[in-house]
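Reader: I have a few questions about this one before I go back to the bench. Could we walk through it together?

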Amino acid sequence: MASEGIGVENSPTWAVAIVCSCIVVISLAFERSLHFLGKFLKRKNQKSLYEALLKIKEELMLLGFISLLLAVFQSIITNRICIPKDLANKWLPCKNKEESKHPKTTLHFESFISPHRLLAEASTSANKCTLKNEVPLLSTKTLHDLHIFIFILAVVHVTFSALTILIGGARISRWKSWEESASQKEHDAGDAPQTKITHVHGHNFIKRHFVAIGKRYDLLGWLHSFVKQFYGSVNEDDYTTLRRGFIKNHCKGNPEFNFHKYMMRAFEADFKKVVGISWYLWLFVNAFFILNDWKGYFWVAVIPFILLLAVGTKLEHIITQLANEIAEKHEAIEGDLIVKPSDDHFWFHRPRLILILIKIILFQNSLEIAFFFWIWFQYKFHSCIMGQVDYMVARLIIRVFVQERVYVLV
């Protein structure tokens, strides 16, 4: 294209002004939207959600700053940092042996050219490396591709984070009627002592979750929890039992404690810990780029799938343990069924580990989906980086399943 090397000094001022104005208007509209959303959350006294929104802003600022650094140091990276040609030809995403099979598909990240991908192309006209057998560390086109990837990653991760809290909040909101029903029953019962003797195995909570296999066959209990995570869900009996156990063990002096409001506050506080990109999550990004084989991409896609199954199995196993503790100790009880929720049921007695794993699952899945759309947008569907169609379809199915199961977990 003849216009690739044209700079600002030779560009129409009206065109520069129009492009600049459009970018500023879009940016200000987005910033104002986040600002008004924050004011709305503060007005509704949603402190945890407001803090989660601030974390999302921090994430966007960090990704924006990374993109800015790529632009600022573009000339240094593309002109002054040089590497040997032999090193530049190692760990390529597409192997040279595939060139004959895909003559129309360019095989390196640097080589894909289309009219909408030009970013400061004036710097690509000459190789500034002084030694004969040296080439620039990265090309301008590769840096531009990284800009696009960062933007797509930010959009996908923020979108999935927002969907997680909307769907999770909607699920917990449906429990409000159960809270009102349980409170009404307790109010109707009044302060009269409960002397009714009931058989433990007659309670619906025990029927649903008790596994009479004993500690010697604990592996079978884990297998039962693994399978049950796919069809078991919290019902009114589960909610009422857990509510009663929490109040009896933690709020004895406040029998009218609103467990539903507590669950909403806990969910919002947990979501604040889940959103955002922590430093260790960037290790996944680097590992993703280091991989130079689409088969490797497939196995990386399995990681959030395995973590998700482990978290779902553990959460279901905790409910089973609560039921077993009651059923194995008592044949009959006086009054209501009381379970004892405890941090001891979690891995290493730390519930926070579950949140960390969910955070990794969400980000890894966002990274996978962002990577797919990035490759599709930049290098087209039949790029060798996509790999074989059957592997690509399998990865997409895994991503969709993982995202759907995350919404079920929350």
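Reader: Happy to start with a helix: at the start of α10, which residue has a side-chain oxygen that reaches to the backbone nitrogen of His260?

Author: Keep in mind that this is a predicted model. Helix α10 covers residues 259-274, and His260 is one of its buried residues. The side-chain oxygen that comes within 3.2 Å of the His260 backbone nitrogen, at the start of α10, belongs to Asn258.

Reader: How far apart are the end C-alpha atoms of α10, and what span should its 16 residues have?

Author: Good check to make! At 1.5 Å a residue, the 16 residues should span 22 Å. The end C-alpha atoms agree with that, since they lie 22 Å apart.

Reader: And which residue with a positive phi follows α10?

Author: Past the helix, the backbone takes a phi near 90 degrees. The residue with that positive phi is Gly276.

Reader: I always look for disulfides. How many are there by the distance rule?

Author: A disulfide needs two cysteine sulfur atoms within 2.5 Å. The sulfur of Cys22 is 9.3 Å from the closest cysteine sulfur, in Cys20, so that pair is too far apart for a bond. Cys20 and Cys22 are both partly exposed, with relative accessible areas of 45% and 43%. The disulfide count is zero.

Reader: Now the charges: how many residues apart are Lys228 and Glu316?

Author: The search of the whole structure finds four salt bridges, and Lys228 with Glu316 is one of them, its closest N and O atoms being 3.7 Å apart. The pair joins distant parts of the chain, with Lys228 in helix α8 and Glu316 in helix α12, and the separation is 88 residues.

Reader: Is Glu368, which pairs with Arg399, buried or exposed?

Author: Glu368 and Arg399 meet in a salt bridge at 2.8 Å, N to O. This pair links helices α13 and α14. Arg399 has 3% relative accessibility and counts as buried. Glu368 is at 0%, so the word for it is buried.

Reader: Last one: which helix gives the largest share of the nonpolar surface patch?

Author: The patch has about 660 Å² of accessible area together, and its members include Phe65, Leu68, Ile81 and Leu137. Ile81 sits in the loop between α3 and β1 and is partly exposed at 35% relative accessibility. The largest share, four residues, comes from helix α2.

Key: Residues numbered from 1 in each chain as written. Predicted model: local features only at pLDDT ≥ 70, side-chain atom pairs only at ≥ 80, totals over all residues. Heavy atoms only, no water. Helix = DSSP H or I, 4+ residues; strand = E, 2+ residues; numbered from the N terminus. Expected span 1.5 Å × (residues − 1). Buried < 20%, exposed > 50% of the residue type's maximum accessible area, 1.4 Å probe, protein only. Polar contact = N/O pair within 3.5 Å; in protein donor to acceptor, adjacent residues only side chain to side chain. Patch = residues over 30% accessible without salt bridge, like charges linked within 9 Å, V, L, I, M, F, W, Y side chains within 5 Å. Areas by Shrake-Rupley, 256 points an atom, 1.4 Å probe, with all protein chains shown as cover. Salt bridge = Lys/Arg side-chain N within 4 Å of Asp/Glu carboxyl O.
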